[in-house]
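Hello,

Here is the structure we spoke about handing over. Please look through it first; my notes on what was found follow below.

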Amino acid sequence: MFVRRAVTKDIPQIARLLYQVNNVHADIRPDLFVHDKRKYTDEEIEAIVKDDETPLFVCYEDVNSGELLGYCFSAFEKKHGHSLQPIKTLYLDDICVDENARGRHVGTEIFNYVKDFAKKNGCYDITLNVWEGNDSAKAFYEAMGLNVLKYGMEIVL
């Protein structure tokens, strides 16, 4: 498999996968997510692709493959404050593996690439959020070595 930073020609296939990941979230939380929508417009994806502070990664079968297997949206964050250590974090906003490519270790390939990227860019850690009920994503991230950092809680009124 081949992982690299996304370029503008990847946008149509990224958009296709954005629908898939949104529908996973909509199945879990239909009170928050709308089925058959996506998180970003093509113009927003293009801005993300061009911004070095929001690296977007894509995975293909090989260099010449035309079918996108998965992606990872990320963003550099700098923690600061009087009581916080000044650390640089790579926040993973969204990882998606095409439903037709699951079970082929695409997610592992993407995560390992992104982890190496974060190390090379001086990051202290990688963080992300997982929706309660997304048990397969939680199990995947635990298998990748992630641990609970904090809990987000809610009460629906």
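**Cysteines**

There are zero disulfides in this structure, which is a predicted model. A disulfide is a covalent bond between the sulfur atoms of two cysteines. Two of the cysteines show why none is counted here. For Cys59, the closest cysteine sulfur belongs to Cys72 and is 11 Å away, too far for a bond. Cys72 also holds the closest cysteine sulfur to that of Cys96, again at 11 Å and too far for a bond. The cut-off for a disulfide is 2.5 Å between the two sulfur atoms. As for their surroundings, Cys59 counts as buried, with 0% relative accessibility. Cys96 is buried too, at a relative accessible area of 2%.

**Nonpolar cores**

The largest nonpolar core is made up of 24 residues. Cys72 appears again here: together with Leu90, Leu92, Val106, Ile110 and Val114, Cys72 belongs to the residues with the most contacts inside this core. Two or more residues each come from strand 2 (56-60), strand 3 (68-78), strand 4 (88-97), strand 5 (125-128), helix 3 (106-120) and helix 4 (135-143). Which element gives the most to this core? That is helix 3, with six residues.

Leu90 is worth selecting in the viewer. Leaving aside residues up to four places away in sequence, Leu90 touches Pro55, then Ser74, Ala75 and Phe76, then Val114, Phe117 and Ala118, and finally Cys123, Asp125, Ile126 and Thr127.

Another core lies apart from the largest one and has 18 residues. Among them are Ile11, Leu18, Ile48 and Val49.

**Backbone angles**

Most residues other than glycine have a negative phi. Two residues are listed here for their positive values.

- Asp36 is not a glycine, yet its phi is positive, near 60°. Asp36 sits in the loop that runs between helix 1 (11-28) and helix 2 (42-50). Is Asp36 buried or exposed? Asp36 counts as exposed, at 55% relative accessibility.
- His105, also a residue other than glycine, has a positive phi of about 70°. The loop between strand 4 and helix 3 is where His105 is found. With a relative accessible area of 58%, His105 is exposed.

Regards

Technical notes. Residues are numbered from 1 along each chain as its sequence is written. This is a predicted model: local features need pLDDT of at least 70, side-chain atom pairs count only at pLDDT 80 or more; totals for chains, interfaces and linings use all residues. Side-chain values use heavy atoms; hydrogens and water are left out. Buried means under 20% relative accessible area, exposed over 50%, partly exposed in between (1.4 Å probe, protein chains only). A nonpolar core is a set of buried Ala, Val, Leu, Ile, Met, Phe, Trp, Tyr and Cys residues joined through side-chain atoms within 4.5 Å. Helices (H or I, at least four residues) and strands (E, at least two) are DSSP runs, numbered from the N terminus. Contact means heavy atoms within 4.5 Å.
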